[in-house]
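Grab a pencil and open the viewer. Below are a few exercises, each with a solution worked out step by step.

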Amino acid sequence: MAAVQLEFARDDDDAKAALGGLPKADVLLATPDHFEGGHEVLSAIVTITTVTIPVIGALIREHIRAKRYLKVKVKGVEVAGSSLDEVEAFLAKLKDPG
Amino acid sequence: MKPLDRYLAATRIGREDAPSALSVLHYRRLARLCRGRFRGATLRRLKVAIVYTLNRYSEIVALPGGHTLIYDQHAGQVLSTFTRIMRFAEDPRAGERVFMRILAEESLAVGDPHGAQIGYSFAEKFAPYWTVAPIASDPEVVIEVLLQEMFVFAHEYCHLAMAGDAKFAESRRRVGDLLTNTEGEESRDKGEYKAFGDRYGDVETYDAFVASRRAQRARIAQHREALLSELGCDDFALWVLISICGEEGYAPKLAFRAAFLALRNIRTISYIREAVSPIKAIADVGGGEAALLLQIRQHRLRGVFGVVAQGAGLTEELNAFWAELQDLSDLHDQKIDNPVLFGTIPTFAEARNTLAESETNLIGPAGAWEIAERGGWRPHAAKLHHLVV
């Protein structure tokens, strides 16, 4: 099944809480440490389902509003969107590529 | 799916074929050499997964079940290829094929199909100039590349040990603290300016030189917390290399050369990464720091080479080497950094922006994946090939 990677700051309790409310099978939480250094982040691999899409959308909306660190990636490729609609549409397409 | 499989499949784009079985032998040896250096520190059980991906980065990741060092051969290849260009390339255009290909692949990694098209197109154009001798043509260069990979491995193992052993972590942070302490360094500016002028002539005024040094020290202060662990682990990795050179009978200067080059080469990759079309993250309040931090790490580690050599009892053996080190730095500038920063990247950026303005049918990650597939990558694969050593 398609999955999205959400990268956020390690002390971002809101992101952790939001993802903690999802079915456990849909979220894999990882703590990466890159050789190049950089931000201390957590990486959540979230399976894209009808349940997870709105939660991801709400997380993105809140982080844009608060200007907090959040990256959305698919297979390591960043998903960019100046508007929330673009990201949600992209996620929906990943779930149902047909 | 196991956590590691799931993590790899979601975060990277691999190829059709798996890393070779020979890789297992090579990296198993590197891992064993690393593990043997940790005496007195609690080393968590660490898995090492070898991958070859478009994304080209290595990391230690904590997943349910334990830590894994994900080492990307594609990143290791850069160390080898850049060293090859630096040591053997005669035509100034020789490296362009490689630099442009990396720009293409990094463009794919940020979902920019226009950058990918331009990068691959230029790489093909410069292919006829790629007449560079293989690494194997000089045994010392083979060791120099091996030790660079070893440096990256050892650095990551150090982070892992820090995560599992508070005393070890504290000792490494203390080393990092020493390496980032700039107190009293202003008094050296005059002498260093003279040495700079003796070597390079009248290219910079004293005021400009001092201003630049002052700005560097301010940046170190600003990023000090992030640098403590990184420099602590860079120092550790250097000691690992010195110890390996001692055991294997390699000239000790190779350890210092490799530590220097590993950070310089990875810094060049950071320059390229920062140059690709910046598709903005959803909410990105910080970025572009990687090259800056690598530059600081490389300068600060180099700054203590003499002290480390003294501690290892190598002062006499390395007397002549310190002047060679500046030659090496100049060579890297001449063959790698200057061509990339002042030639490849501006050429790429101009062509990429022109294309993006005129062609709008390839947008975002979907467009990037289409190009990635033509390049032999498999973005739609459900599983990423990897070997665990």
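**Exercise 1.** Work out whether Asp234(B) is buried or exposed, and find which residues Asp234(B) touches.

*Solution.* Step one: the relative accessible area of Asp234(B) is 0%, so this residue is buried (buried is under 20% relative accessible area, exposed over 50%, partly exposed in between, with a 1.4 Å probe and protein chains only). Keep in mind that this is a predicted model, where local features need pLDDT of at least 70, side-chain atom pairs count only at pLDDT 80 or more, and totals for chains, interfaces and linings use all residues. Side-chain values use heavy atoms, with hydrogens and water left out; residues are numbered from 1 along each chain as its sequence is written, and chains are lettered from A and ligands numbered from 1 in the order in which they are written.

Step two: place the residue. Asp234(B) sits in helix α10 (residues 224-248) of chain B (helices are DSSP runs of H or I with at least four residues, strands are runs of E with at least two, and both are numbered from the N terminus).

Step three: list the neighbours. Leaving out residues up to four places away in sequence, Asp234(B) touches Phe151(B), His155(B), Leu263(B), Arg297(B) and Leu301(B) (a contact is heavy atoms within 4.5 Å).

**Exercise 2.** Do the same for Val55(A): is it buried or partly exposed, and what does Val55(A) touch?

*Solution.* Start with the location: Val55(A) belongs to helix α2 of chain A. Its relative accessible area is 24%, so Val55(A) is partly exposed. Now the contacts: not counting residues up to four places away in sequence, Val55(A) touches Ala18(A) and Leu22(A). Last, check a distance: Gly21(A) is 34 residues from Val55(A) in sequence, and their C-alpha atoms are 9.0 Å apart.

**Exercise 3.** Trace the open sheet and say which strands stand at the edges.

*Solution.* First, write down the order of the nine strands: β5(A)-β4(A)-β1(A)-β3(A)-β2(A)-β3(B)-β4(B)-β2(B)-β6(B), with mixed pairing (two strands pair if DSSP finds at least two bridges between them). Next, look at the ends: β5 (77-78) of chain A and β6 (387-388) of chain B each have a single partner strand, so one side of each lacks a neighbour in the sheet.

Then zoom in on β2 (residues 46-51) of chain B, which pairs with β6(B) in the antiparallel sense over two bridges. Ala49(B) stands opposite Val388(B), and Ile50(B) opposite Leu387(B). With β4(B), β2(B) pairs in the parallel sense over six bridges; there, Val48(B) has Leu69(B) as its bridge partner. Finally, five of the six residues of β2(B) are buried, so this strand is largely enclosed by the rest of the structure.

**Exercise 4.** Describe how helices α11 and α14 of chain B cross.

*Solution.* Begin with the axes (lines fitted to C-alpha atoms, for helices over the stretch in contact, with angles from 0 to 180 degrees between N-to-C directions). Those of α11 (residues 253-275) and α14 (residues 321-358) of chain B come within 11 Å and cross at roughly 15°. That makes α11(B) roughly parallel to α14(B) (angles under 35 degrees count as roughly parallel, over 145 as roughly antiparallel, 65 to 115 as roughly perpendicular and the rest as oblique).
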